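The following exercises concern the packing of helices, the overall form of a chain and the contact between two chains. Please attempt each task before reading its solution.

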Amino acid sequence: MSFAATALQIAGVFLAPLLPGCIQTCKARLQGRRGTSPLQPYRMLARLWGKSSVDPEGTGLAYRAAPALVAACMLAAIAIVPVAGRAGALGLGSDALVLVGVLAIPRFALAAASWDSGSGFALMASARDLMIAVFAEALLVLSILLAALPAHSTALPAMSAAASGAQVWSGPAHWCGALAFALVLLVETGRQPIDNPDTHLELTMVHEGPLLEYAGRDLAMLVWAAAARHWVFIVLAADLYLPHAGGFPAATAWLIAGAAAVCVALALVETAQAKMRILQVPALLGAGCAIALSGAGLWIAGIGG
Amino acid sequence: MSALAWVSLAGIAAIGGGCALAAAPGRLRAGLTLQACGAALLGVAGLLILVRGEQVGAHFTSTVGLAFGIDPLSGLFLTVLAITALPTLTFARDHLHGRPHAAGLAALTGLFLLSLAGVITARDVIGFLACWELMTLIPAAAILLSGRDRKVRSAVYSYVAITHLGGAGVWIAMLVLAQHGAIGDPSALAAAGTGVQTLVAVTALIGFGTKAGLVPLHSWLPRAHPVAPAHLSALMSGLMVKVALYGLIRVEFQWLGATPRWLGLTMLALGLLSALGGILWAVVQRQLKQLLAYSTIENTGIITLGLGASLLFAHAGDTTWAAIAFGAALFHVANHAIFKTLLFLGAGAIERAAGSLDLDELGGLLRRMPWTGGAMLIGSMAIAGLPPLSGFASEWLVLQSLLHVAFSSPLGVGLAAATAAAALAATAALALLCFAKVAGMALLGQPRRPECAAAEDPPAGMRGAMASLALMCGLLGLAPGLVLPTLAGLAPGGAPALARHAGLFIPGTGSYPAPAVAVAILSLTCLLSAARGRRRAAPSPVWACGQPAGEDLRWTSAGFAKPVQLVLDAVLRPHREVAVERSGGLVQGVVYTGEVPSLLAGALYEPTVRGGLRVAARARRLQSGNVRTYAAYLLVLVLSLLALVHWGALG
């Protein structure tokens with residue numbers, strides 16, 4: 001079983017680009033366009049891998065090491081998140097808060113790279129990204145807390161087991177957690193209404209900004225890392241906040257269904273919702289925090305389920 | 001006397017001798033070296049006592065008469081003293097050389113260390129309070145010796161005034177404890193009743209909290225720490241604040257004889273306020289040392305959150321998690337001492353090389369000063385709480401403790417813990433922003449002034465001091481699981497059964513295998529860098545919509561913090577002034593000034609000062625200068641005393 005779980009985690013490295021590909025295809029269909037194939041991200045990665053990298057004048061180690069460090073951290077994150085609720089045997093543990101820490105490194109690396117290149121657009125975007133992260137990280141920890149309350153543990157497999165079945169949905173706490181996590185998912189995958197992954201207008205970019213100067217294999221690693229972020233958070237959503245069964249094969253089937261549902265939902269949100277003003281994002285996330293806190297209060301008071 | 005007692009006495013003697021030697025003309029380096037040897041001896045003794053769980057010298061006593069001794073908790077703080085003082089003194093050997101008043105500063109540094117060691121090892125109330133006062137006054141003298149302009153004098157005045165106002169709390173708490181014979185004996189205060197316990201708990205919280213820089217008692221800290229010379233700032237932020245926390249731990253955890261829930265909740269609230277407030281104001285600073293001082297408040301807050309969680313666990317009877325939370329707080333004490341010392345020393349090296357501490361006037365120092373820059377980069381990443389460095393391990397433990405409080409508590413406590421956990425997560429994200437700014441502005445990119453382009457690494461001693469501290473950030477981050485059981489064993493409720501691995505494998509968590517995470521991230525980064533190869537196209541200028549990215553397009557400290565400042569406008573309340581110069585209908589220039597007033601600067605102390613002045617004005621009316629009035633005062637006093645004796649009110 002552990003072997004299968006590990007194999008699925010490793011498969012995540014290769015399957016991750018499929019998720020943004022599916023979302024893009026789905027979005028195009030919803031908007032009445034034919035759109036690209038879901039495999040388009042793979043083609044893009046292959047194309048980028050064959051091109052030369054470009055270092056802007058005057059950049060140093062921080063700029064050059066950032067893409068590799070970002071991709072390495074996303075690989076570590078994939079190894080921490082259990083697929084379908086089963087911990088793999090990759091030896092990095094399966095703690096939800098360690099995952100939060102590992103996911104913070106790419107933000108620091110990209111902010112440092114932005115300072116190193118001195119590009120105004122990159123710095124503007126990473127300053128915004130770090131500002132949003134202040135609220136997003138609080139929300140993420142609260143939604144982890146809500147999933148950890150029934151399990152009395154922050155081990156992701158235990159949290160996933162406690163969230164399986166239909167019983168948890170009978171009280172309001174899990175619903176609050178699911179709502180909070182949905183907001184986290186929007187932020188962390190850089191989707192509308194918080195960020196627009198399709199924009200290449202410099203003034204509105206958040207996640208795309210620090211990538212502006214990169215090219216070739218550097219850019220390929222960063223594009224893959226963005227896809228890996230989708231994988232990590234969609235698998236996490238399936239583990240914690242999407243309906244799933246306890247058994248491993250059944251949970252895998254639920255994972256596939258859940259991932260598809262999340263992709264469609266993200267495409268729907270992107271189609272229906274315009275990007276919101278950047279200064280309104282904290283209000284949205286703050287509302288999420290309030291919901292999550294009241295969920296936690298309801299659970300602790302014993303009304304949670 | 002045991003061998004360890006002799007070692008510690010030799011350490012004290014060496015520091016004392018070092019003071020005298022440093023004060024002699026031309027013996028600065030020798031004196032500081034002797035002090036460093038003394039600190040090392042103290043550290044060795046402290047570490048051995050901590051690891052073996054021994055007790056050396058006197059036990060705690062409530063009687064009057066000097067007594068000194070070391071138990072494992074004192075041993076831990078002596079170890080922290082040594083790991084902070086050793087690099088600092090090594091740094092000071094080159095840093096002070098050739099400066100005005102170097103001999104005096106070096107001697108005062110040694111005396112400061114002696115007073116800190118005195119607070120840690122005092123076993124009676126007189127010795128404790130004497131060393132406590134010296135610990136407050138010596139840095140004030142040293143700061144005045146190094147600079148006497150108006151700003152410095154005002155900072156020192158507010159430092160001494162506020163810490164003495166708050167310090168009254170320490171006096172009250174210690175004297176009440178001694179009166180009930182409760183120093184070192186929790187049962188005595190428990191017998192004295194909840195009224196006395198509450199009095200001691202509150203006064204100790206105010207007294208030690210002021211010195212530790214807890215919001216809202218903190219306002220001296222961001223003023224006093226930056227004006228001191230670099231090595232003293234390092235000792236004040238890295239060590240003195242920790243010694244205040246040592247006093248807090250002694251009183252609230254060991255001598256109070258009870259673990260009331262309100263105390264745990266109060267510490268949680270103070271910790272939350274300090275952590276969030278400290279880091280939020282650190283983000284908007286542009287002067288490096290001021291920023292670091294605010295971040296000290298943040299870290300005191302994180303430690304206090306851990307201590308509060310430990311008290312709540314102890315109240316609920318969960319000794320295992322009470323010990324883990326206590327160990328987490330102590331671990332963060334050690335970690336913060338290390339990286340804050342590193343960052344202050346780095347700031348000293350930068351000021352020396354580039355002639356400025358204004359982040360908007362630095363830049364590109366990593367390339368010019370690889371040792372200083374590299375060490376500061378590691379320190380910044382550690383304090384920002386990035387795995388696998390040391391800061392993450394202790395913050396992870398504190399956050400785990402808060403979540404576990406929420407798992408098994410009644411509604412109010414659970415909600416408080418959940419709020420604190422969310423606030424700690426936000427604090428960590430703000431710390432990342434703050435130190436990405438520090439690293440980015442000071443170390444990366446292009447130099448913003450010619451002095452930065454010509455900056456050079458300091459001499460070997462200063463380089464070694466910073467490199468050893470950076471190495472310790474890495475080592476403690478790699479093996480948190482070896483340290484935690486020892487620290488958790490110091491908890492008053494007894495030691496939990498924790499396995500000793502390098503990583504942290506604690507039931508109820510998904511475990512943090514620190515070495516594996518470090519190896520995975522580093523090796524994958526190297527592999528991917530190798531896969532990326534060296535093939536690259538010709539360098540190109542940075543994209544700035546087609547125009548050359550010159551100096552006027554350079555990003556500033558205020559610009560990077562702007563999104564946070566805009567979003568939290570209501571909390572930060574920044575002042576802005578925009579002056580537009582026009583002549584003949586044409587705009588000639590625009591001058592923008594903006595600043596964020598310091599955190600709760602006047603909220604607590606200004607009313608106190610105003611009230612004090614008003615009372616003083618009233619009191620002056622009593623001083624008429626008329627002899628007959630004074631004779632009348634005396635008569636009234638004598639009569640009222642006689643009346644009191646008559647009614648038996650004086651016993």
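**Exercise 1: A first helix pair**

In this predicted model, the axes of helix α8 (residues 194-212) of chain B and helix α10 (residues 230-255) of chain B approach to within 8 Å and cross at roughly 170 degrees. Determine how α8(B) is oriented relative to α10(B), and state which residues meet.

*Solution.*
- Step 1. Angles over 145 degrees count as roughly antiparallel. The crossing angle therefore makes α8(B) roughly antiparallel to α10(B).
- Step 2. From α8(B), the residues B:Val200, B:Ala201, B:Ala204, B:Phe208, B:Lys211 and B:Ala212 take part. They meet B:Val241, B:Ala244, B:Leu245, B:Gly247, B:Leu248, B:Val251 and B:Glu252 in α10(B).
- Step 3. Sorted by class, the residues of this contact are ten nonpolar, one polar and two charged.

**Exercise 2: A second helix pair**

Describe the crossing of helix α15 (residues 370-383) of chain B with helix α19 (residues 460-478) of chain B.

*Solution.*
- Step 1. The two axes come within 9 Å of each other and cross at roughly 30 degrees.
- Step 2. Angles under 35 degrees count as roughly parallel. Hence α15(B) and α19(B) are roughly parallel to each other.
- Step 3. The crossing of α15(B) and α19(B) is left-handed.
- Step 4. On the α15(B) side, the contact is made by B:Trp371, B:Thr372, B:Ala375, B:Ile378, B:Gly379 and B:Ala382. The residues of α19(B) in the contact include B:Arg463, B:Met466, B:Leu469 and B:Cys473.
- Step 5. The contact of α15(B) with α19(B) has nine nonpolar, four polar and one charged residues.

**Exercise 3: The form of chain B**

Does the radius of gyration of chain B agree or disagree with that of a compact globule?

*Solution.*
- Step 1. For 651 residues, a compact globule would have a radius of gyration near 26 Å.
- Step 2. Chain B has 26 Å, which agrees. Its C-alpha trace spans about 100 × 70 × 60 Å along the principal axes.
- Step 3. Of the 651 residues of chain B, 56% count as buried.
- Step 4. The secondary structure of chain B comprises 25 helices and four strands.

**Exercise 4: The contact between the chains**

How many residues of each chain are in contact with the other, and which element of chain A gives the most?

*Solution.*
- Step 1. The contact joins 74 residues of chain A and 71 residues of chain B.
- Step 2. Elements of chain A giving two or more residues to this side include α4 (61-80), α6 (120-151) and α11 (281-300).
- Step 3. α6(A) gives the most, with 17 residues.
- Step 4. The side of chain A that touches chain B divides into 48 nonpolar, 16 polar and ten charged residues.

Key. Residues are numbered from 1 along each chain as its sequence is written. Chains are lettered from A and ligands numbered from 1 in the order in which they are written. This is a predicted model: local features need pLDDT of at least 70, side-chain atom pairs count only at pLDDT 80 or more; totals for chains, interfaces and linings use all residues. Two residues are in contact if their C-beta atoms, placed from the backbone, lie within 7 Å. Ala, Val, Leu, Ile, Met, Phe, Trp, Tyr, Cys and Pro count as nonpolar, Asp, Glu, Lys and Arg as charged, and the others, Gly among them, as polar. Axes are lines fitted to C-alpha atoms, for helices over the stretch in contact, and angles run from 0 to 180 degrees between N-to-C directions. Angles under 35 degrees count as roughly parallel, over 145 as roughly antiparallel, 65 to 115 as roughly perpendicular and the rest as oblique. A crossing is left-handed if the near helix is turned anticlockwise from the far one by less than a right angle, and right-handed if clockwise. The radius of gyration is taken over C-alpha atoms; the globule rule is 2.2 Å times the number of residues to the power 0.38. A residue is buried if 20 or more other C-beta atoms lie within 10 Å of its own, exposed if 12 or fewer, and partly exposed in between; C-beta atoms are placed from the backbone.
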